[in-house]
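Work through the exercises below with the structure open beside you. Try each task before reading its solution.

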Amino acid sequence: MSDTTTPATAPRQRIQRRSRLVHRHPDPHVRFMSKWVEDEVTGCWIWQGSLNDAGYGRFAHDGRSNLAHRYSYQYFNGEIPDGASVCHSCDTPACCNPAHLWLGSQADNMRDASQKGRLPTGSRRYRGTPEHIVHLIRQLHDQGLRQKDVAARAGVCVGTVYRITSGLRHRETY
Ligand SMILES: [Zn+2]
């Protein structure tokens with residue numbers, strides 16, 4: 001395939017041109033709504049901006065940095081009490097769909113993460129069928145994300161993203 005040497009270059013440039021205005025939009029909520037892509041299978045809103053080390057989306061607004069899922073919870077669901085955590089029912093840290101977020105104490109969040117195997121490694125394994133993961137990888141790739149960023153969101157290694165997006169798909173290597 002001709003696009004394997006410069007993966008995603010063309011769609012990425014196209015997206016940046018199209019969304020430059022929205023990325024500078026003075027209303028933070030307009031910017032927020034432009035920074036995720038809905039996973040068609042799970043309904044997760046997968047954050048397209050930068051992620052922190054734990055895999056949560058970062059979203060700066062009103063002169064301060066915040067986490068995308070916490071912004072989403074506050075905007076759509078209501079205030080977050082002091083000391084409370086916003087947890088994911090979908091176990092996808094990069095998701096910022098308010099319908100997938102619930103309010104818990106810090107202890108709840110740690111317990112939840114531990115039960116789901118997210119501690120202590122901070123693993124970002126995406127929970128879906130192989131077909132679903134392949135679909136998600138293609139969807140994110142088509143949005144113009146770099147292979148490294150697609151891999152972080154789908155919870156697979158960069159080599160898997162490369163094989164899938166370049167058509168050399170190996171089903172057994174997830
Ligand atoms: Zn979700």
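The exercises go from the whole chain to single residues of this predicted model.

**Exercise 1. Overall layout**

Find how many helices and strands the chain has, and in which pattern they follow along the sequence.

Solution.
- Step 1. Count the elements: the chain has 7 helices and 6 strands.
- Step 2. Read along the sequence. The pattern is α-α-β-β-β-β-α-β-β-α-α-α-α.
- Step 3. Turn to burial. Of the 174 residues in the chain, 32% are buried.
- Step 4. Take the contacts with a separation of 6 or more. Residues 24 or more positions apart account for 47% of them.

**Exercise 2. Confidence**

State the mean pLDDT of the chain, and find where pLDDT is below 50.

Solution.
- Step 1. Start with the mean. It is 77, and 69% of the residues reach 70 or more.
- Step 2. Look at residues 1-10. Their pLDDT is below 50, and the model gives this stretch 9 contacts beyond near neighbours in sequence.
- Step 3. Go on to residues 119-125. Here pLDDT stays under 50, with 12 contacts beyond four places in sequence.
- Step 4. Apply the general caution. Where pLDDT is low, predicted coordinates should not be read in detail.

**Exercise 3. A hairpin**

Describe how strands S3 and S4 are joined, and find which residue between them takes a positive phi.

Solution.
- Step 1. Locate the strands. S3 covers residues 58-61 and S4 covers residues 64-67.
- Step 2. Give the direction and the bridges. The strands run antiparallel, joined by 4 bridges.
- Step 3. Pair up residues. Phe59 has Asn66 as its bridge partner in S4. Ala60 is partnered by Ser65 of S4.
- Step 4. Inspect the link. The hairpin has 2 residues between the strands, and Asp62 takes a positive phi near 50°.
- Step 5. Note the residue type. Asp62 has this positive value as a residue other than glycine.
- Step 6. Decide on burial. Asp62 counts as exposed because it has 7 C-beta neighbours inside 10 Å, and exposed means 12 or fewer.

**Exercise 4. Two helices in contact**

Work out how H5 and H6 cross, and which residues make the contact.

Solution.
- Step 1. Place the helices. H5 spans residues 130-142 and H6 spans residues 147-154.
- Step 2. Describe the geometry. The axes come within 10 Å and cross at roughly 145°. The crossing of H5 and H6 is right-handed.
- Step 3. List the residues. H5 brings Ile133, Leu136, Ile137, Leu140 and His141, while H6 brings Val150, Arg153 and Ala154.
- Step 4. Sort them by type. The contact of H5 with H6 has 6 nonpolar residues, 1 polar and 1 charged.
- Step 5. Recall the helix rule. An α-helix has 3.6 residues a turn, so residues three or four places apart point the same way.
- Step 6. Pick out Ile133, which lies in H5. Ile133 counts as buried because it has 20 C-beta neighbours inside 10 Å.
- Step 7. Follow Ile133 along the chain to Val156, 23 residues apart. Their C-alpha atoms are separated by 8.8 Å.

**Exercise 5. Helix H3 and what follows**

Name the buried residues of H3, and find which residue follows the helix.

Solution.
- Step 1. Take residues 68-77, which form H3. The buried ones are Ala68, His69, Tyr71, Ser72 and Tyr73.
- Step 2. Step past the helix. Gly78 follows H3 and has a positive phi, near 130°.

**Exercise 6. Three loop residues**

For Asp27, Ser50 and Asp91, decide: buried, partly exposed or exposed?

Solution.
- Step 1. Asp27 sits in the loop between H1 and H2. Asp27 counts as exposed because it has 10 C-beta neighbours inside 10 Å. Its C-alpha atom is 8.9 Å from that of His61, 34 residues apart along the chain.
- Step 2. Ser50 sits in the loop between S2 and S3. Ser50 is partly exposed because 14 other C-beta atoms lie within 10 Å. The C-alpha atoms of Ser50 and Asp149 are 8.6 Å apart, with their positions 99 residues apart along the chain.
- Step 3. Asp91 sits in the loop between S5 and S6. Asp91 counts as partly exposed because it has 19 C-beta neighbours inside 10 Å, and buried needs 20 or more. Asp91 is not a glycine, yet has a positive phi of about 60°.

Key. Residues numbered from 1 in each chain as written. Predicted model: local features only at pLDDT ≥ 70, side-chain atom pairs only at ≥ 80, totals over all residues. Axes fitted to C-alpha atoms, helices over the stretch in contact; angles between N-to-C directions. Left-handed = near helix turned anticlockwise from the far one by under 90°. Contact = placed C-beta atoms within 7 Å. Nonpolar A, V, L, I, M, F, W, Y, C, P; charged D, E, K, R; others polar. pLDDT = per-residue confidence, 0-100. Pairing = 2+ DSSP bridges.
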